[in-house]
Amino acid sequence: MRILIAPDSFGDTMSAVVAARAIARGWRAARDGDELVVAPQSDGGPGFVDVLASRFGTVIAEPVSGPLGAGVIARWLLDDASTAYIECAQACGLHQLGGTPTPRTATAADTRGVGELVAAALARGAERIVVGLGGSATTDGGAGLVEALGGGDRARERLRGVDLVVASDVENPLLGPSGAAAVFGPQKGADPETVELLETRLAHWAQVLSALADRDVADEPGAGAAGGLGAALLALGGTRVSGATVVAEATGLAAEVAAADLVVTGEGKFDAQTLRGKVVAALHEAASTIGARGAGAPTIVLAGQVALGPDEIRAAGVAAAYAIVDIAGSVEVAMNDAENQLVALATSVASDFRAADGPG
């Protein structure tokens, strides 16, 4: 059998690249005669650059401003076709805070480093710049990015003629109860009072962005991604595209799916949110329509936790879903020893295929 192994990241416990290799190692232990194609995926969040770099391009390490001003080294990717791939979390991610997020960090964190990465890509002659959004510590609406590029008019001028792609599966607007501050602020350390402050700041900034873009960008899908960084990129001429689609197209995933007999994917938690356009759902949709050389390939999911019932899994069209926590015995072991436990889970699942040539 030809097995396509294409997981997303498992939250903070495993990158997509590590997860894909772990699944392959476990699967091979039980079925060493299968042909394995390892193709980690991403929706534009943390791990975006590593996933793409595992397939093509030149990785460049760039010193830029971190979310709180201290210098960090951010990695970005330049391919042979003058396309730059930038991961905002490399410059302003939660992991760059150096500690637990607090109301102070939620207020202070900015996206200046992302703007510096965009400037670096421009300096190297990039004609297409893809910015993956997700995992940020910021809620500045992209103000830091705009400032780093010289301010509103100067930033637009520098990006004129550049194909600017906003890679994100987040559809939230900039403001309101579904906006950047209200939905994502608490994840970044904001208490209710800080959320209100951030919302007020974003509302003022939205007026600046609307004047810059000559349209109201605040309500556009994806404007609230990465603490409103999406809104700034849209105002500077960006076009939002699904992050999972960007990675799939850049890595030739359609051809890999078309040749697969089985697709094995995964993520940290397989739940209702998965079914709304994340990597796993997008990959399953492709596999069910073009896999197995046009006949449709079954998809199985290996996840840290599975929060869907059997009926929901079947309704989603997924052949089977398996949880690391079940084989590890506890959530604590599943998280602290995630890679080894995923290897063990993949071996167990592959062994069932040996016995029945299908999901056990």
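How many helices and strands does the secondary structure of the protein chain come to? In this predicted model, the count is 17 helices and eleven strands.

**Figure 1. Overall view of the protein chain, with 17 helices and eleven strands.** The radius of gyration is 21 Å, close to the 21 Å that the globule rule gives for 360 residues, so the chain is as compact as a globular protein of that length. The C-alpha trace spans about 65 × 45 × 35 Å along its principal axes. Of the 360 residues, 54% are buried. Among contacts with a separation of 6 or more, 72% join residues 24 or more positions apart. Carbon and sulfur atoms contribute 49% of an accessible surface of about 14400 Å². The side chains include 25 positive and 43 negative ones, and the centres of these two sets lie 4 Å apart.

**Figure 2. Close-up of helix α11, residues 243-250.** The buried residues of this helix are G243, A244, V246, V247 and A248. At the start of α11, a side-chain oxygen of S242 comes to within 3.3 Å of the backbone nitrogen of A244. G252 follows the helix and has a positive phi, near 65°.

**Figure 3. Close-up of T105 in helix α4, residues 103-108.** T105 has a relative accessibility of 5% and therefore counts as buried, the cut-off for that class being under 20%. The side chain of T105 reaches the backbone nitrogen of T102 at 2.8 Å. Leaving aside residues up to four places away in sequence, T105 touches L68, L97, A137 and K188.

**Figure 4. Close-up of G99 in the loop between α3 and α4.** Helix α3 covers residues 88-92. G99 has a relative accessible area of 42%, which makes this glycine partly exposed. From G99 to A30 the C-alpha to C-alpha distance is 40 Å, with their positions 69 residues apart in sequence.

**Figure 5. Close-up of D214 and A226, two residues with positive phi.** Most residues other than glycine have a negative phi, and most peptide bonds are trans. D214 is not a glycine, yet its phi is positive, about 65°. This aspartate is placed in the loop between α9 (192-213) and α10 (225-235). With a relative accessibility of 73%, D214 counts as exposed, since that class begins over 50%. A226, also a residue other than glycine, has a positive phi near 50°. The position of A226 is within helix α10. At 9% relative accessibility, A226 counts as buried.

**Figure 6. Close-up of T58 in strand β3, residues 58-65.** T58 has a relative accessibility of 47% and so counts as partly exposed. The contacts of T58, not counting residues up to four places away in sequence, are with W76, L77 and L78. T58 and I300 are 242 residues apart in sequence, and their C-alpha atoms are 32 Å apart in space.

Notes:
Residues are numbered from 1 along each chain as its sequence is written. This is a predicted model: local features need pLDDT of at least 70, side-chain atom pairs count only at pLDDT 80 or more; totals for chains, interfaces and linings use all residues. Side-chain values use heavy atoms; hydrogens and water are left out. Buried means under 20% relative accessible area, exposed over 50%, partly exposed in between (1.4 Å probe, protein chains only). Helices (H or I, at least four residues) and strands (E, at least two) are DSSP runs, numbered from the N terminus. A polar contact is a pair of N or O atoms within 3.5 Å; within protein, one must be able to donate a hydrogen and the other to accept it, and residues adjacent in sequence count only if both atoms are side-chain atoms. The radius of gyration is taken over C-alpha atoms; the globule rule is 2.2 Å times the number of residues to the power 0.38. Contact means heavy atoms within 4.5 Å. Accessible areas come from the Shrake-Rupley method with a 1.4 Å probe; for residues, only the protein chains shown count as cover. Lys and Arg count as positive and Asp and Glu as negative; His and the chain ends are not counted. The place of a charge is taken as NZ of Lys, CZ of Arg, CG of Asp or CD of Glu.
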